[in-house]
Each structure stands twice: as C-alpha cells, then as structure tokens.
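Me: Could you take one part of this model and go through it closely, giving the cut-off behind each term as you use it?

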There are 2 protein chains.
Amino acid sequence: MAVYTEVSDDELAAFIAEYDIGTAVSCKGIAEGVENSNYLLLTEGGPYILTLYEKRVDARDLPFFLGLIEHLAARGVPCPVPVHGRDGAVLRTLCQRPAAITSFLAGVWPRRPRPGHCAELGEALARMHLAGLDYEPERANALSVDSWRPLFERCRAGADDVVPGLSAEVSASLDRIETDWPRDLPRGVIHADLFPDNVFFEREKLSGLIDFYFACNDALVYDLAVCLNAWCFEPDLSFNVTKARLMIGRYRAVRRCSEAEIAALPRLAEGAALRFLLTRLYDWINQVDGALVKPKDPREYLHKLRFHRGVSGPGAYGIEP
Amino acid sequence: MAVYTEVSDDELAAFIAEYDIGTAVSCKGIAEGVENSNYLLLTEGGPYILTLYEKRVDARDLPFFLGLIEHLAARGVPCPVPVHGRDGAVLRTLCQRPAAITSFLAGVWPRRPRPGHCAELGEALARMHLAGLDYEPERANALSVDSWRPLFERCRAGADDVVPGLSAEVSASLDRIETDWPRDLPRGVIHADLFPDNVFFEREKLSGLIDFYFACNDALVYDLAVCLNAWCFEPDLSFNVTKARLMIGRYRAVRRCSEAEIAALPRLAEGAALRFLLTRLYDWINQVDGALVKPKDPREYLHKLRFHRGVSGPGAYGIEP
C-alpha cells in the first residue's frame, strides 16, 4: 500500500484542466498497488483513477501499457480506459512523473477467492488473450525464464538465511526448468501479474482487470500458470483442485488450448512459482529501511514451487486426461 | 498512510446491508490517516467514508467523538456526518473492530498552505469552538500539560541520541511550562489535532474538518496554538507571521478573545510544540519494525518550541498591541 508522491492542490487543478472531466471534487491516495501512486479522483464528471508512474515502471514502456488497455477495452475486456486530454494525449507529466487518468472500474477485489471467482477469472483471462492477439506493439518479458538465473545470482548469498538449503533447492529447480522450458507454445500478450488484488468483482461477476504494468509478450498459458499460483492455493497453502479445474475449464471453453500447452502446465506453474519466489526473495534480502511497502514472504512461493515440482502431470490441476 | 484491516467483500456487503445507502460499487483503502483504517466507499447512493477504529483509539471514546461531529454538523460546521443504520445506530462492528460510515466531504487538503488557507482555518476553528459550547459530554485531554512530564520520563533516556542536549532542554521547558501554564482560560471542546491534512478546501474555500479523534475539553485558545504550530511555519521552519496574523484575526472576528487568552498565546504555543515534540519523540524512539507508518521527525517541533520560547509576546504572531 503506497502513495509515493504527494500531489498539491494547485498541481492537481492545473493537471485536470487539461481534460474534459470537470473540476476535482476530491482526490484521495489509494492504499493499494505497490509500483505506482494511485489516487481516486472524484470530479464533477464522476470517479476516475489518477496514476503517477514511479521509478519501478520504465517510462519508455508506458505507451505499450496504455495502448494495450485501450486496445483491450475497445474489444470488450473490462479494464480501465485511459482518458484522453483535450490535446488527445493520454500520458502527461505531474510532479515530475509520467501520469495518466483512467476510467474508474466498479467492484472490489476478492480477499478470499472462491471457486466461482476462479471460474470467472479463467474466462476473462482467455478473452483478454484473444483480444490481445492483434495488438501490434511488443514488449519482451523482463521477468521471463532467462532472467531468473541472473536474478538468483543477485540474491543467492542471502538465500540460506531465509530458508536453510534454499540456495541449493532453487539452483536445482533452475537447472531443471531451464532444460525443460517449453519454448514453442502459442504466444501473445499476457498480463503476467493477475493476482486477486488486480481483479474486481461485483458480487460474483468479474467487473474488471487492472494493473497491466507487467504485461508483455510470452506464452499465453504461462499467464494461466501464474493464476494457478495466485488463485488456487488456500491460506494454509494447500492446493484447491476445484478452483484450478474451474479456472482452466472456463479458460479452455473460450480459448482452445493445444495438447502441448496443457502438457506444459506443471513446468510452467513451477516456473511461475520460481519467478515470484525470486523477486520476493530479492526484495526480502534487499529491504529498504523505512520503505512504505512491506516485502512479501518468499517462503509462500517456495511451498508452491514444491507442489508443482511434485505433481505427476496436468491431472493434478483437475484436467481430464 | 495506512489501512490496517482488510475488509472482505462478504463482510462489507453484510455491513452495508445494515444501512439505507444502496449496495457497494467500490471500496478502496485510503492512504491517509494514521490512527484508523479508512475506506472510500462508493455505493449506488454516492460516496461515503468507512472507518474501522484501530487500537490506538479507545472504543469507549467513540460515542463522544461521533456524537460531537453530529452535533457540530447540525450547527453548520462542515464535518463528516455519521450515517445511521436502519436500527438507528451509528457505531457497529466490522472485522472485530468498531466501525462507522460517515458522509463524504468534497475538497482536498492543502499540501502547501497559503495565507488564505490560514485565514479560512482561523474562522472555521472559531465557529467550531462556538458550535461545541453546548455539547454536553466531556472528555479530558489525555495529552494535556499534565501528561507531558510522564510522557517525557518514558522517552528521556533516548532523547539525547536524537538531539544531543535534548533531555536537558525539554526538562527546562517542562519546568517553565508547568509553572506558568495558564489554567483559567475559557474552555470548551477543541479539535486538538487540526493539521492541514485534516482540513479540506475547494479551491480557496474551506470545505471540511475531519478526524476528531483527539477532540477533548481544554482551553479553546490552546487549539489556536496547535494550529499556529501546524500551519504557520514554512518548510524551512521559518515562521510566517502573515499566516499567523490572518489566522488569529479571522478567529477573533468570529469568537471574541479575552486579553488573558491573547497574552497566553506564546506559552500555549510553546506547550503545543512540546506536546507534538514529545509524542513524536516517543514514536521515534519506540519504532516498530515493519510498521506501516513512518514516524515523523521530532526535531521539527524542537525548532518550533524554540521559536515560541524566544518570542517577546503575542505581537510576534502579528497581533496588534
């Protein structure tokens, strides 16, 4: 939870004057999101989200992200639509940072996802993948399989202090994943970070996907593997196969998957677990005194990695042979 | 900035069903306020604020606070009005915490207060003081002059590590303040924490006072002394006498002050500076690892205390003799 940048009332008024959305009635920093500063902006025209992009997002990627959500929204994917200023631009500068206003999405994110949420998510993910197929700009996945070893080398020294034996375990996992990684699966734009706090629901119905700031081109089912990790484990870290079955089933009902994609799921899920284990481990070891955001416990993803490493095949996710 | 308690979608829906405000469209934690968890709740009926009272607020005081803001709002003071549930109650339980919904106030708090803001604040403070005169419940000021020495004793040992010589300086200040403290000034309900982030403006016009969770009975002009500290120093800690003159002038135009009240201002302002110096010093020395809220630098208030200690009389605040 974070607001890194304080926007003064004068700066805000001048910024909003560039848009046709009326004047600001209120602007409150939102205690969600860890990469950027987000404000819930109420104007005479209604609610909007004002985002200031902080240094963890590369400003050169912003046209890719904003173009993508506009592209997806135009194809019916429920996501925040960038608001164009009077000059047509969606990206401008506020408090020396790139900033944009997007439409406001109704709904709340599920603190305790239920099977029905996972089903809805699977369908929305597939629709997003299809809608993104004709989005032309490309962005490489900076946190793809090839990035994991260099990342591991940067936190290897501290790993065993977090969990004894972690360094050797990650090293073995990396060896296996790098060897086996399926590299010829269908690719497209993936969200790459579709955790429950990035998905809104109104009652049981999915109402929005947000936070596309890790979006990139990669294997489409890798996105599903990220979601298996993020949605289908219970708080006690047991795996809920009903949730997985519903998520994958609804995904496949919208987007047909090849046999190779399904067969690759266990290794992709192990890789996705390793990706979050490594970034959390890095943030854990490199904690900044006085940081606004508490680093997340990397051990959660070690448990998940072990689960995926241990499954005998995609049947473990409730998929019928 | 903090949201201490995560409210699940189910708990939220059940809670809101107790009110006649429609169903929730959205509920976002606000990154403001350090004592409680605040959510901006959008319902079909409009925006509201949902507050969960965390352990720093004594639940036994909540009827005093909520009764006070309702009393003040009924007398035209712009402050959030508690919303009554269908059963008539304004206080109920959510996530094992006392919780209330209040109306939403338009406006933003001034990040860089200007003289015009200070003038508006002075007038609103006086109106609040007059409106509170017939509020019958009483609450002692837990952070009054009599509490400062015990508080100092609890952080005395670490004081010189923060600023060399701080212990002796605070001790001398305490001696003088306890001896000279004016104890027979007109009393009433004071806000006691009216910092800029608790005051909203729409353009130049004051639109709301919030966060009455330090409100108590004490000398009315002590509240003005708190505001002199909170509003009239520049970022470089120089004192802006124009702001003080406007604040006090507009206050006195609404509420007549006795000569004794005006004469007491320098000592009250020194006391108010000491109060915030001590609570910040305590929080600074007793930092909690992983706390969501960064403690504020106590040295800011040491500078302010020295300023007030050094003034020759109320003329230093722009008051004509």
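**A helix of chain B, and a residue of chain A**

Reply: Helix α2 of chain B (residues 62-74) has 13 residues, which at 1.5 Å a residue should span 18 Å, and its end C-alpha atoms are indeed 18 Å apart, so the two values agree; the expected span is 1.5 Å times one less than the number of residues, and helices (H or I, at least four residues) and strands (E, at least two) are DSSP runs numbered from the N terminus. This is a predicted model, in which local features need pLDDT of at least 70 and side-chain atom pairs count only at pLDDT 80 or more, while totals for chains, interfaces and linings use all residues. Residues are numbered from 1 along each chain as its sequence is written, chains are lettered from A and ligands numbered from 1 in the order written, and side-chain values use heavy atoms, without hydrogens or water.

Within α2(B), the buried residues (under 20% relative accessible area, with exposed over 50% and partly exposed in between, for a 1.4 Å probe and protein chains only) are Leu62(B), Phe64(B), Phe65(B), Leu66(B), Leu68(B), Ile69(B), His71(B) and Leu72(B). Their cover includes strands β5 (97-103), β6 (187-190) and β9 (216-219) together with helix α3 (115-131), in chain B. After α2(B) comes Gly76(B), whose phi is positive, near 90°.

In chain A, Leu151(A) lies in helix α4 (residues 145-162) and, at 11% relative accessibility, counts as buried. Apart from neighbours within four places in sequence, Leu151(A) is in contact (heavy atoms within 4.5 Å) with Leu143(A), Leu278(A), Thr279(A) and Tyr282(A). Gly318(A), 167 residues from Leu151(A) along the chain, has its C-alpha atom 32 Å from that of Leu151(A).
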